[in-house]
Amino acid sequence: MPQRMAPANPGRFNTPRLVLVTLDLVAVSLAWLAAILSPFDWQMASRGWAVVGLSAGLTAALLILFDLYKSRVSSVRSAELAAISRVAALLIPSILFFDLLSTQELHLGTDLVAGIATFIFLIIGRSVFDGWIRSARSQGRYTRSVVILGSGPGTDDLLELIADHQEAGYRIKGIIARRQEVPKLKADWLGEPQDVLEIMETVGANGAFVVVDELSAADRSFAVEQLAEAGHHTHLTMGIAGIASQRVQLAPIVHEPLLYVDRPSLKRWQLVVKRALDLFIASTLLLISAPVLALAAALIKLEDGGPVLFRQDRVGFGGRAFPLFKLRTMAVDAEDRLADLAEQNVRNGPLTKIDHDPRITRIGKFLRFTSIDELPQLVNVLRGQMSLIGPRPALPCEVEAFDDELLARHNVLPGITGLWQVEARDNPSFASYRRLDLFYVKNWSISLDLVILVLTAQTVLVRAVKGVLKRGEVTDLA
């Protein structure tokens with residue numbers, strides 16, 4: 001049996017984990033402060049602070065139990081959100097139980113506030129962490145050095161995926177494959193599969209991606225066993241794309257690990273619920289935000305005297321065009337000036353994004369980093385032209401460049417926000433836009449929509465903080 005190898009950079013101080021633990025401790029502290037200040041129980045001291053201490057310890061234990069300090073969970077925001085939801089679901093009855101043991105009575109109101117506030121503050125804290133770590137990883141910090149085993153189209157796709165999403169935190173050191181396959185490679189060749197452990201030690205890698213369908217059975221089994229014995233982080237790519245992890249489960253046959261893929265579970269009742277949620281949330285938000293919209297309209301009008309609303313044709317459900325509404329954040333002649341700024345487009349493909357766009361007005365910067373400019377699209381939702389969640393409606397000129405597969409995004413209502421907006425809105429790669437939109441169309445569900453709604457709140461919070469720090473130098477959701 002091979003000896004366990006020391007991980008790359010032994011003794012390296014784990015700054016991200018320390019930051020995350022600190023933010024979680026702050027979240028729990030703020031949650032109990034909110035509970036203490038709540039009107040349900042003004043005599044917290046009489047209950048005994050042991051309840052607070054036990055609850056804080058229990059929260060920490062649950063966070064560890066659900067792997068919320070492991071990168072494979074904390075770096076996947078949908079998985080992280082689901083795990084935090086489970087922590088909250090177990091925390092509230094546990095607090096009530098500890099409370100009953102220590103005081104012989106229930107303080108239901110305070111304990112509910114503490115549990116719900118813990119969930120909310122954990123989400124906020126981890127939103128801050130997510131924004132920080134993604135930015136740091138995009139700059140090459142706090143990354144994991146990995147190798148790829150295999151060569152061929154699957155390896156090329158994986159290289160492109162990691163290159164497009166540097167915020168994922170992986171740095172490719174090279175490819176391990178049979179020597180005869182070297183001319184096909186699009187990255188440095190490091191050696192052959194039988195030497196995987198020695199190669200990883202030499203290049204300082206402590207993780208590996210094994211492209212299963214591009215290795216022989218012997219090479220694949222040997223490499224995976226060697227990596228597992230050495231304690232390296234190992235990912236297996238199965239050659240399937242665009243399928244939600246919830247639809248894939250392990251279904252072994254005679255102890256051999258096989259994957260079972262469920263069919264999409266979309267049912268008619270989900271469409272009814274989605275529409276009901278759209279109507280309820282959109283009408284509620286419009287009512288609540290009416291004073292904000294009125295103030296924003298006045299400020300837009302005062303700045304340059306131009307129209308308050310910006311109306312633009314977009315392509316929606318079934319490929320039909322509709323007028324999308326936004327608060328105007330640019331100069332009146334913005335569309336006429338677009339051609340002059342074409343060279344400053346930082347996105348590839350048919351999409352357009354211009355950093356530090358000179359057409360944005362002063363009030364427009366504020367409206368964008370707070371996402372207030374998107375609120376009029378709630379009217380589009382009420383009119384049935386959009387949903388709260390869905391692929392972002394594209395411009396007709398963008399749709400002309402879409403291939404037949406990407407046109408499937410028109411099989412669902414476009415959304416004010418969507419999977420691409422919360423996962424890769426600032427990513428210049430058109431491949432990322434395409435992949436995430438198609439993933440949503442193929443795997444849509446009410447649960448996925450709810451996750452995206454919460455992640456949108458996280459994204460808006462992070463953008464607002466960045467906007468304040470950078471004085472509004474951000475772009476909108478589109």
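In the predicted model, Arg178 and Asp219 form a salt bridge in which the closest N and O atoms are 2.7 Å apart. Arg178 is placed in the loop between strand E2 (170-176) and strand E3 (189-191), while Asp219 belongs to helix H9 (residues 217-230), so the bridge ties together parts that are 41 residues apart in sequence. The two partners differ in their cover: Arg178 has a relative accessibility of 28% and counts as partly exposed, whereas Asp219, at 10%, counts as buried because the limit for a buried residue is under 20%.

This bridge belongs to a set of 20 salt bridges. Side chains of opposite charge can pair when their charged atoms come close. In another of these pairs, Asp24 and Arg126 have their closest N and O atoms 2.8 Å apart. Asp24 is in helix H1 (residues 15-37) and Arg126 in helix H6, and 102 residues separate the two in the chain. Asp24 is buried, with a relative accessible area of 3%, and Arg126 is likewise buried, at 1%.

A salt bridge also joins Glu374 to Lys326, with 3.8 Å between the closest N and O atoms. Here Glu374 comes from the loop between helix H12 (362-369) and helix H13 (377-382), and Lys326 comes from strand E9 (residues 321-327); the partners are 48 residues apart. Glu374 has a relative accessibility of 4% and counts as buried; Lys326 is buried too, with a relative accessible area of 6%. Elsewhere, Asp130, Arg134, Glu167 and Glu423 are joined into one network by salt bridges that share partners.

Arg126 has a further arrangement besides its bridge to Asp24: Arg126 lies over the face of Tyr69, at 5.3 Å from the ring centre. Arg126 is also among the contacts of Leu68. Leaving aside neighbours within four places in sequence, the other residues in contact with Leu68 are Leu20, Leu63, Val73, Ser74, Glu80, Ala83, Ile84 and Val87. Leu68 is part of the largest nonpolar core, which has 64 residues, and together with Tyr433 touches the most other members of that core. A second core, separate from this one, has 14 residues, including Ile176, Ile199, Ala205 and Leu227.

Tyr433 also appears among the aromatic pairs, as ring pairs link Tyr433 with Phe402, Trp420 and Phe430 into a cluster. The count of aromatic pairs comes to eight. One of them is formed by Trp132 and Tyr142, with ring centres 5.4 Å apart and planes at 45 degrees; the pair is classed as tilted because stacked planes are under 30 degrees apart and edge-to-face planes over 60. Trp132 is in helix H6 (residues 108-138), and Tyr142 is in the loop between H6 and strand E1 (144-149), ten residues away in the chain. Both residues are partly exposed, Trp132 at 28% relative accessibility and Tyr142 at 22%.

For the chain as a whole, the model contains 17 helices and eleven strands. Of the 478 residues, 44% are buried. Among contacts with a separation of 6 or more, 70% are between residues 24 or more positions apart. The chain exposes about 24,600 Å², of which carbon and sulfur atoms supply 62%.

How values were computed:
Residues are numbered from 1 along each chain as its sequence is written. This is a predicted model: local features need pLDDT of at least 70, side-chain atom pairs count only at pLDDT 80 or more; totals for chains, interfaces and linings use all residues. Side-chain values use heavy atoms; hydrogens and water are left out. Helices (H or I, at least four residues) and strands (E, at least two) are DSSP runs, numbered from the N terminus. Buried means under 20% relative accessible area, exposed over 50%, partly exposed in between (1.4 Å probe, protein chains only). Contact means heavy atoms within 4.5 Å. Accessible areas come from the Shrake-Rupley method with a 1.4 Å probe; for residues, only the protein chains shown count as cover. A nonpolar core is a set of buried Ala, Val, Leu, Ile, Met, Phe, Trp, Tyr and Cys residues joined through side-chain atoms within 4.5 Å. Rings of Phe, Tyr and Trp (its six-membered ring) pair if their centres lie within 6.5 Å; planes under 30 degrees apart count as stacked, over 60 as edge-to-face and the rest as tilted. A charge sits over a ring if NZ of Lys or CZ of Arg is within 6 Å of the ring centre and within 35 degrees of the ring normal. A salt bridge is a side-chain nitrogen of Lys or Arg within 4 Å of a carboxyl oxygen of Asp or Glu.
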